[in-house]
Amino acid sequence: MTEAALTSDIAVGKGRSLWADAWRRLLSRKLVVASLIVIAVFVMVALGVYAGLIARDWSEPVGPRYQRPSLEHGFGTDFLGRSVWRKTLYGAKISLTVAFLASLISICIGLPLGAIAGYFKGWIDELIVWLFTTVNSIPYIILILAFAFVLQGKTLFGYPLRGISVVYLVIGLTSWVGLCRLIRGEVLKHRDRDYVMAARAYGCSRSRIILGHVIPNVAHLVIINFSLRFVSFIHAEVILSFLGLGVKGEPSWGVMIDDARQELYRGCWWQLAAATLAIGLLCLALNIVGDALRDALDPKLRQGLE
Amino acid sequence: MNDLLQIRGLCTEFRTEDGLVRAVDGVSWQVNPGRTLGIVGESGCGKSVSALSVMGLIPKPSGEIVGGQVWFKGQDLLKLTERQIREIRGNEIAMIFQEPMTSLNPVFTVGNQIVEAIKLHQKLRTRDAWDLAVESLQRVGVPSAAERVYAYPHQLSGGMRQRVMIAMALSCHPAVLIADEPTTALDVTIQAQILELLRRLQAGERMALVLITHDLAVIAQIAHTVAVMYASRIVEYTSVEALFDQPLHPYTQGLFRSLPRLGQKKRRLDAIGGTVPNPLAFPSGCKFHPRCPLGCDDKRCQSVEPNLRLIRPGHVLACFKAAGYEDSPPCDIPTQAPTEVSNG
Amino acid sequence: MVSYIIRRLLYAIPTILGVLLITFILFNLIPGDPSYDIAGKSASAETIAEIRRELGFDKPRFLDTEALSQGRIAAAFDSQFFNHFRNTLTLNFPRSLTSHEPIWDEIKSRAPASLTLAAPMFIGLIATSIAIALVVAFARGSWVDTILVFICVVGMSIPMLSYILFGQHYLAYELGWFPILGYESGMQAFKYIALPCLLGIASGLGSYVRFYRTVMLDEMRSDYVRTAFAKGLSSPRVLFKHVLKNAMIPIITTLVLSIPFLFLGSLLLERFFSIPGMGSYFLDAFNSRDFPVINAMVFTTSLLYVLGQLVTDICYALVDPRISLR
Ligand SMILES: Nc1ncnc2c1ncn2[C@@H]1O[C@H](COP(=O)(O)OP(=O)(O)O)[C@@H](O)[C@H]1O
Ligand SMILES: [Mg+2]
């Protein structure tokens, strides 16, 4: 028992210094700090919208229709005279909610499947590999749309699936393959390492080994994977909303782009610009932080310096 | 400067994320036709970096040669333009590396890679270059060379690949060959063959050879003079006879003690206590003092770094504890080395 | 070579069967009988029965146990499950619910337009990315590198829709450099696909350049590059001969990964520029809830993906002498 605790301490202790080290590296770069601030601001805006503090009256017209950006009208107004600025702020809520929940679903599927496949090997592994190879062979956008087609209007545990819930469910259900494959590979490497052997020798149960020993040692991969995956989730939400699958009755950035499509022919570019800017800025920040995280956390790259 | 290749006070630094690393700090040595200089030291002490500095192959944005000269045939290589140094590289000074497994390009045949070197430096037709490639493979003892030129590196064993590397390096008959741990990655029997090959070729061509290794046994077989490096610096530099007769630096003595002897159980290099210091945080004073059996509690060893001094003819040393060090003149390259005079 | 291809094809069988299983679950199991949806609320019993028969929903789901107990083995397998497998595998898709045309004919007639757009887009994207990545790798560590990488990251942060809207509106509508939308087959097609193609390339360039740059830089750190420099080769020579050929190995292995991007691109671009390809077919089917078409498209696209993978494996074996075709 004490020995098992000891080995787990070693494994996790190694992890802890890795995290501290990574954090220090991240904060030593100005661009990364700026990106972290940008992300924090977006998250705050989203929370503010949830709390009803920000952009609550987005649906109220604030002036005449199709007003250019100006001191008076901020980012301008749309075809109903609503404030583009408020819609943009509101879109942060949709985007981040979708990306966050989709990540959660995706991790909840990919992580255990990958860990189980890698740890048990044998037929379970083959089954899981077959599953993700199959899912992976259907082009992402087609798969997403097919899922969305099927799930729309259904109920899940008595909860009707429409609007935003379809979006994050579909994205989550279709995007776990990359993580699953990554985790499987890593667990395959880890399962024969000394600390796992030791834990096994001391009679730890399989689930305890996986949860207590293997997963903490591959957790950084989840973080790296998802900091980068987040961007594609945000983009997917935009496309789904644009195709009319996403949120209805709420302004998301995809919906704004759809609105802008009509407005462009009247020379109104600001709604498109505002949505693009918001998506671009958030994704840029996420990309920068994701890259920096990978540099800081991926031991392979750090060995590569030598 | 009558020496073929002489480097003086070479300093090379790397900018890393964690700070500035001085990988080579004021290193000087020289080598002449038909002679072999052995450079020995634990891994990470700057042997490879000093060799790469001579070749002008320091990875560019992060690494920089910040001081010193590299005199070759009367000109300072560090002052040449990139174009001029390319004329010398591979042509007059050639280099082979530690990892025969990865040092050859996996997607080209070995013949292609040798021919590339030949055609770069000699005005030859392609046919003649291929003939020359076969010939140079034969010279380094590759069996059925006429077929092997068409082989890909992965089809050859490690020893064969190292022979190919040597053939490629020697295809233009360089005046100097720098061999960076050419045998480290190979089996012991293959090691002996490669060393023998190097010695034979060197004698035949009157080539100057710089052999980098962490293995004193290799030095004993092939070198004429030896420079012992520790933590980016040379700490002892003399003829191979003098060094094996009486090593003076405690680090060198440690290296000798860690050699396996007949009838003794094999001990490893870490018979010297402690570890190689971190180049980001070298100890003050003599960099060896924390591991030194003699000087670890000496105030001077802890605070002042000893310079190389000519402690006796043909023998330079950087250690306060050696008898006669105080009275010797500063000197970074051993003069009047007895072997060099008699055999030269 | 032939046996290698056959072996790769055999590996693909479980994947194809898996796709069939997924589409069965998606389109037969989860939604159940769609006849009422399709026929509308006020449809007569006959119409519904007609639709059910047409779509095969009158058959038992997995196995006709009645027929089995009577010993009619062949009839026992005349079920939704087995018919789905058989019909899809033989590309014998049902008719579309909206146009009532056979789906496979429709796909065949639309494939050329999709290909006319996707092929130049694909080749242009890969070639441009490799070229820029080489420049960036050559200038590694300099400000050119830093700025280009930053532009790439900005480029990949902007959603594809914005590129398309911007391009269509400003380059075609305002400036009139390209037709706003439309399509004609034959040589005229190039006039129409030029802009969609450019926009597709532009929106993919950021991530591709960045990825290929990483690949090249990884290669440049290899020992054989040091050897090449030690021979006295110049940087461009090392880059174009030694690094490029080695970098082609990871680049080729990841080519198949760009297939999903191509599909997304085709989908959106065909929609915006009214190109009558498979992407717009899929989207139309999606909007009119034409599930047999969606089912057929899922299957054909994954078939294309698997084929793409096969081609990749063969190219891989051709570039890398360490892989033998046996
Ligand atoms: N490209 C590089 N970037 C940063 N540091 C380097 C690089 N190459 C070598 N070094 C540092 O220089 C020192 C000497 O390395 P090297 O000459 O390779 O040692 P060795 O004596 O084993 O050949 C090491 O401490 C290493 O950390
Ligand atoms: Mg070395």
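Start by selecting strand 9 of chain B, residues 225-230, together with strand 10 of chain B: the two run antiparallel and are joined by six bridges. Keep in mind that you're looking at a predicted model. For one register point, show Met229(B), which sits opposite Ile234(B) of strand 10. Then zoom to the turn: these two strands of chain B make a hairpin with two residues between them, and Ala231(B) in that turn has a positive phi of about 50°.

Next, color strand 10 of chain B (residues 233-239) by accessibility. Six of its seven residues are buried, so the strand is largely enclosed by the rest of the structure. Now add strand 12 of chain B, residues 315-317, which runs antiparallel to strand 10 and connects to it through three bridges. Pick Thr238(B) here, and you'll find His315(B) as its bridge partner in strand 12.

Time to bring in chain C. Select the contact residues: 26 from chain B and 21 from chain C. Putting these chains together buries about 2,200 Å², with carbon and sulfur atoms giving 61% of that area.

Which side chains should you show for a salt bridge? Try Arg237(C) and Glu116(B), which meet at 3.6 Å, N to O. Three salt bridges are found across this interface, and 13 residue pairs of chains B and C are in polar contact.

Last stop: on the chain B side, highlight helix 1 (47-55), helix 3 (100-103), helix 4 (110-121) and helix 7 (158-170), the elements that each give two or more residues to the side touching chain C. Helix 4 gives the most, with six residues. Color that side of chain B by residue class and you get 14 nonpolar, eight polar and four charged.

Conventions:
Residues numbered from 1 in each chain as written. Chains lettered and ligands numbered in written order. Predicted model: local features only at pLDDT ≥ 70, side-chain atom pairs only at ≥ 80, totals over all residues. Heavy atoms only, no water. Buried < 20%, exposed > 50% of the residue type's maximum accessible area, 1.4 Å probe, protein only. Helix = DSSP H or I, 4+ residues; strand = E, 2+ residues; numbered from the N terminus. Pairing = 2+ DSSP bridges. Contact = heavy atoms within 4.5 Å. Buried area = accessible area lost by both parts, 1.4 Å probe. Salt bridge = Lys/Arg side-chain N within 4 Å of Asp/Glu carboxyl O. Polar contact = N/O pair within 3.5 Å; in protein donor to acceptor, adjacent residues only side chain to side chain. Nonpolar A, V, L, I, M, F, W, Y, C, P; charged D, E, K, R; others polar.
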